[in-house]
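Trainee: Could you take me through the charged pairs in this one, and what sits around them? I'd like one spot looked at closely before we zoom out.

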Amino acid sequence: MTVDVISSLEPPLPEYELDETQTLPAYSAQARSTECLLQFEPARRTGCPACEWIFETKHMKVNLGRKAWKLNSPTYGLNATIDGSIQFPNLAHPLDSLQATIEGRLRVACPERRTSMEEGTFVFLRYTVPVEFNPDLPESTFSVPVSPTFKHAGKSLICPPSFFFTESNYILEVSYQIRFDAVWKTKRRRKLESRLVGFYYLPKTSPVIPPICVLPPASRHRENPPLFLQGPDRMASFPVSPSFQTNRTLTSCQMKSLKRLSNSIYLSIPIPRVFTAGQEIPFMVSLSFNEDPCLAEILCENIAIHLYKRVGIAGRGGHSASERSTIVSSAVLRKNSGWAEGVVVIKGSIRAGDAGAECSWSIPDYAYVKYVLRVSLRPPASLLNHVPTFVHEEEFGVCTSSWGVVDRELVSGGGKTTPAVALSGSVRRIY
């Protein structure tokens, strides 16, 4: 006979009374009086210059609320509203009108075109919102929406984020500002006083379709060996074109070589080509040189795959587009040459920059920021006149947030999202 000493020493479980007549609460989209409802309201203003954004003129004091994001300017995200208050402590005459105007500006300067800074300024967004005021109250509160879109050539386009890029007198800047205009009448004339406030607009973006993170296995049964990934859905393969890096006229042997090797190398990538900043982009490079097996190994010795960020000013007025490129990241490669003689498959991935810190955008006919995957396979210097160089580029879209993040924030945040603060690394200091 055994005795369970441990169980006998344990305290008895508590007893609960179940009221079977009471039904479980029903959940709905509309909160009842007994339920807790989160209120998305701005924090109460205290008037502290160290902890709030306060801007003053001779008669006007604008308060845009607390400094929430530890940046050097007021910052707003997607579908945000600029909430604040205006006081007129030294105004001896009653107000006639009070309004706020939001502007989005694109400023470009390109040394190749010899245009001045003012000539390269384009206002792509402008609208005015009246601010209600009561002469009997010491301050007037306002809530001005920041439009996520603007009109251009009859189309509704997404507003780009605040952005600043400069390199050797080449400047591209997207800036936003809000201007408060107060008008009052004196005995002699009508007076206007304005206060201009710059702010950061850093909206979050995310892919519409979840991107592919892992490529499917390559098939060994293709009639054309380079097209290993031609069949799978949501995949695309592109030939990597050969060329000779020379300014001279190509010889007949070089022309024949280009024609013979035109379908020897392919790049396979996922589609759609939209990824999240910080995410790994998978790809595959397949080489097939059945007639010249040694070329596959020679070209693999000097392969370079980089992701470039290209800041560009669109071609207008007879000028061609002007771009500046910076390397965002380099690829990590995995080589597999056990397929057949002269056949090499290289799979790898490349990171789309730092998490949340990259975003592609465009203002048609004016400027853009895009990301390009560049694949380059070069022969040794001693063979440059005999073996062509293979180069190919594919453009990718980059978003700040992962798939579904923006939609979830819009639901949980009352139709708004928090700013993409990591984009602040690409803006100019305002205050």
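Mentor: Let's start with R126, which is exposed at 53% relative accessible area; exposed means over 50%, buried means under 20%, and partly exposed is in between, using a 1.4 Å probe and protein chains only. Before going on, a word on what you're looking at: this is a predicted model, in which local features need pLDDT of at least 70 and side-chain atom pairs count only at pLDDT 80 or more, while totals for chains, interfaces and linings use all residues. Residues are numbered from 1 along each chain as its sequence is written, and side-chain values use heavy atoms, with hydrogens and water left out.

Back to R126. Its partner in a salt bridge is E103, with the closest N and O atoms 2.7 Å apart; the term means a side-chain nitrogen of Lys or Arg within 4 Å of a carboxyl oxygen of Asp or Glu. R126 sits in strand β6 and E103 in strand β5 (residues 95–109), so the pair links distant parts of the chain, 23 residues apart. Strands here are DSSP runs of E, at least two residues long, and helices are runs of H or I, at least four, both numbered from the N terminus. Unlike its exposed partner, E103 is buried, at 5% relative accessible area. R105 belongs here too: E103, R105 and R126 are linked in a network of salt bridges.

Two other bridges are worth a visit. E173 and R428 meet through their side chains at 2.8 Å, N to O. E173 lies in strand β11 and R428 in the segment after α4 (405–412), so this pair ties together parts that are 255 residues apart in sequence. E173 counts as buried at 6% relative accessibility, whereas R428 is partly exposed at 39%. R428 has a second partner: its charged end sits over the ring of F164, 5.9 Å from the centre, where "over" means that NZ of Lys or CZ of Arg is within 6 Å of the ring centre and within 35 degrees of the ring normal. K67 does likewise with the ring of W53, at 4.7 Å.

The other bridge joins E323 and K370, whose closest N and O atoms are 3.6 Å apart. With E323 in strand β19 (residues 322–330) and K370 in strand β23 (residues 367–377), the pair ties together parts 47 residues apart in sequence. E323 is partly exposed, at 30%. In total, the structure has 15 salt bridges.

Strands β6 and β11 come up again among the rings. A search of the whole structure finds 14 aromatic pairs. For F124 and Y176, the ring centres are 5.8 Å apart and the planes at 90°, so the pair is edge-to-face. F124 is in β6 (residues 121–130) and Y176 in β11 (residues 170–185), 52 residues apart. The rule is that rings of Phe, Tyr and Trp (its six-membered ring) pair if their centres lie within 6.5 Å, with planes under 30 degrees apart called stacked, over 60 edge-to-face and the rest tilted. Both rings' residues are buried, F124 at 5% and Y176 at 3%. They also belong to a cluster in which ring pairs link Y76, F124, F150, Y176, F199 and Y201.

Zooming out, the protein has four helices and 24 strands, and 42% of its 431 residues count as buried.
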